[in-house]
Amino acid sequence: MRILLVEDQTILRELLIARLLADYPACEVTEAIDLAGLSLIAASKPRFDLWIFDLELPDGNALEWIENWAKEQTSPKAIILSSSNEDRVLFRALHSNLPAFVHKDDGIEMLQLAIK
């Protein structure tokens, strides 16, 4: 399984990668820490089995990028992982054609369920 993880917070990103590798030992995780890195990776048209997106990144909010990307996908396999509590952000995220939204206040079991 190939996973793209877009998360700017180093400790959270490293913990998520460690957990993903523990749960899925054969997986390959590619990292991006901002929109610029995400755009650079996406421009090469990679094939990922799962995309995990944080919304708030150092160079902007990824929601518009995600919405545009999701429109191009037949059945996007992606999870938004965010700490946002803003109603308008949550509404847009939930209507972005992505199958899962996990709040960072949820437990790890919620993320595991979303991955499955």
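**Exercise 1. Determine whether Lys 45 is buried or exposed, and describe its backbone.**

Step 1. Lys 45 counts as exposed, because its relative accessibility is 69%; buried means under 20% relative accessible area, exposed over 50%, and partly exposed in between, with a 1.4 Å probe and protein chains only.

Step 2. Lys 45 is found in the loop between H2 and E3. Helices (H or I, at least four residues) and strands (E, at least two) are DSSP runs, numbered from the N terminus.

Step 3. The phi angle of Lys 45 is near 55°, a positive value in a residue other than glycine.

The model is predicted: local features need pLDDT of at least 70, side-chain atom pairs count only at pLDDT 80 or more, and totals for chains, interfaces and linings use all residues. Residues are numbered from 1 along each chain as its sequence is written, and side-chain values use heavy atoms, with hydrogens and water left out.

**Exercise 2. Describe the order of elements and the overall dimensions of the protein chain.**

Step 1. Five helices and seven strands make up the secondary structure of the protein chain. From the N terminus on, their order is β-α-β-α-β-β-β-α-β-α-β-α.

Step 2. A compact globule with 116 residues would have a radius of gyration near 13 Å, and the 13 Å of the protein chain agrees with this. The radius is taken over C-alpha atoms, and the globule rule is 2.2 Å times the number of residues to the power 0.38. Along the principal axes, the C-alpha atoms fill a box of roughly 35 × 35 × 25 Å.

Step 3. Of the 116 residues, 40% count as buried. Among contacts (heavy atoms within 4.5 Å) with a separation of 6 or more, 59% are between residues 24 or more positions apart.

**Exercise 3. Identify the strands that pair with E1, and state how E1 is covered.**

Step 1. E1 and strand E2 (residues 28–32) pair in the parallel sense over five bridges, and Val 6 stands opposite Ala 32 in E2. Two strands pair if DSSP finds at least two bridges between them.

Step 2. E1 also runs parallel to E3, to which four bridges join it. Here Ile 3 stands opposite Leu 50 in E3.

Step 3. Together with helix H1 (residues 10–23), E1 and E2 make a right-handed β-α-β unit. A crossover is right-handed if, with the strands pointing away from the viewer, the path from the first strand over the helix to the second runs clockwise.

Step 4. E1 is largely enclosed by the rest of the structure, because four of its five residues are buried.

**Exercise 4. Establish the partners of E6 and the burial of its two faces.**

Step 1. Three bridges join E6 to E3, and the two run parallel; Trp 51 stands opposite Ala 78 in E6.

Step 2. E6 also pairs with strand E7 (residues 100–103) in the parallel sense, over four bridges. In this pair, Leu 81 stands opposite Val 102 in E7. The chain crosses from E6 through H4 to E7 in a right-handed β-α-β crossover.

Step 3. In a regular strand the side chains alternate between the two faces of the sheet. On one side of E6 lie Ala 78, Ile 80 and Ser 82, on the other Ile 79 and Leu 81, and all are buried.

**Exercise 5. Describe the largest nonpolar core and the residues with the most contacts inside it.**

Step 1. The largest nonpolar core has 21 residues, and Leu 38, Trp 51, Phe 53 and Leu 98 have the most contacts inside it. Such a core is a set of buried Ala, Val, Leu, Ile, Met, Phe, Trp, Tyr and Cys residues joined through side-chain atoms within 4.5 Å.

Step 2. At least two residues of this core come from each of strand E1 (2–6), helix H2 (35–43), strand E3 (50–53), helix H3 (63–72), strand E6 (78–82) and helix H4 (87–94). H3 supplies the largest share, four residues.

Step 3. Not counting residues up to four places away in sequence, Leu 98 touches Phe 53, Ile 66, Trp 69, Ala 70, Pro 76, Ala 78 and Ile 80.

Step 4. A second, separate core of 15 residues includes Cys 27, Val 29, Leu 50 and Ile 79.

**Exercise 6. Characterise the surroundings of Asp 54.**

Step 1. Asp 54 lies in the loop between E3 and strand E4 (56–57). Asp 54 is buried, with a relative accessible area of 3%.

Step 2. Leaving aside neighbours within four places in sequence, Asp 54 is in contact with Val 6, Glu 7, Asp 8, Ala 62, Leu 81, Ser 82 and Lys 104.

Step 3. The C-alpha atoms of Asp 54 and Leu 5 are separated by 8.2 Å, although these residues are 49 residues apart along the chain.
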